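Q: Please take a close look at the aromatic side chains of this model and at what surrounds them. I would like one connected account, with the geometry behind each assignment.

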Amino acid sequence: MSQENTSEPFNPVKIIHFGDLHVWDIGWDYDPNPKRILGLGNLLLRRRRKFPPWVAQELLGEISRQEADYVLFSGDLTTASLKSEFDRARESLISIRDKWKDHFICIPGNHDRYTPRAGRERRFETRFLGFPQDYPFMQRLSGNWNLVCFGC
């Protein structure tokens, strides 16, 4: 028994996917949450060596030299969702944002909502994206492909 295919012709979509940049800064943001203090201690003792800034810069440089239909960032842009981390990340990703415009899709990870205050203030959306974003959302990539994005 054959089934007639009534869908559109297959159109491949090239996607560059990356995540977990963990841009970090030594800071506090006057957020008295105990997690903030523990996270700062962890950053000073271990985490900053796991995510050296030069690695992220090389990765972002390589991505900006590539060609793709979409670029997808899947969270953990920052280490502790400090305002300064989001500002630094926004500057680091400007060439990618300029090149792909609305084809650069980003969702927050758990480190982008590190404390309840950072989540309530929607720092990922306000300081990094620069526009409100609700989750989940769907982005149509082509006639055959949709991307469904969930945030933390």
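A: A residue is called buried here when its relative accessible area is under 20%. The model is a predicted one, and within it Phe86 is buried, as is Phe124.

These two residues are a good place to start with the ring pairs, of which the model has 4. Since the ring centres of Phe86 and Phe124 lie 6.3 Å apart, within the 6.5 Å limit for a pair, and their planes stand at 80°, over the 60 degrees required, the pair is classed as edge-to-face. Phe86 belongs to helix α3, which covers residues 83–92, while Phe124 belongs to helix α6, which covers residues 123–129, so the pair ties together parts that are 38 residues apart in sequence. Ring pairs also bring in Phe128, so that Phe86, Phe124 and Phe128 are linked into a cluster. A charge is found at this cluster member as well: the charged end of Arg97 sits over the ring of Phe128, at 4.9 Å from the ring centre.

Another pair is formed by Tyr135 and Phe137, whose ring centres are 5.9 Å apart; because their planes meet at 50°, which is neither under 30 degrees nor over 60, this pair is tilted. Phe137 has a relative accessible area of 15%, and therefore counts as buried.

Turning to Tyr114, the charged end of Lys35 sits over the ring of this residue, 4.6 Å from its centre. Tyr114 is also among the residues touched by Thr79, a list that, leaving aside residues up to four places away in sequence, further holds His22, Val23, Trp24, Leu43, Arg47, Glu85 and His111. Thr79 itself is placed in the loop between β2 (70–73) and α3, and with a relative accessible area of 4% Thr79 is buried.

Leu43, one of the contacts of Thr79, leads on to the internal space of the model, since Leu43 is also one of the residues that line the largest cavity. The model has 1 cavity of 30 Å³ or more, and the largest cavity holds about 40 Å³ of space. Besides Leu43, the lining consists of Asp25, Gly27, Arg36, Gly39, Leu40, Ala80 and Leu82, and by class it comprises 4 nonpolar, 2 polar and 2 charged residues.

Notes: Residues are numbered from 1 along each chain as its sequence is written. This is a predicted model: local features need pLDDT of at least 70, side-chain atom pairs count only at pLDDT 80 or more; totals for chains, interfaces and linings use all residues. Side-chain values use heavy atoms; hydrogens and water are left out. Rings of Phe, Tyr and Trp (its six-membered ring) pair if their centres lie within 6.5 Å; planes under 30 degrees apart count as stacked, over 60 as edge-to-face and the rest as tilted. Helices (H or I, at least four residues) and strands (E, at least two) are DSSP runs, numbered from the N terminus. Buried means under 20% relative accessible area, exposed over 50%, partly exposed in between (1.4 Å probe, protein chains only). A charge sits over a ring if NZ of Lys or CZ of Arg is within 6 Å of the ring centre and within 35 degrees of the ring normal. Contact means heavy atoms within 4.5 Å. On a 1 Å grid over the protein atoms alone, a cavity is a set of points where a 1.4 Å probe fits but cannot get out, and a pocket is an open set with protein on both sides within 12 Å along at least five of seven lines; lining residues have an atom within 4 Å of a point. Grid points are joined across faces, edges and corners, and a volume is the space filled by probe spheres set on the points. Ala, Val, Leu, Ile, Met, Phe, Trp, Tyr, Cys and Pro count as nonpolar, Asp, Glu, Lys and Arg as charged, and the others, Gly among them, as polar.
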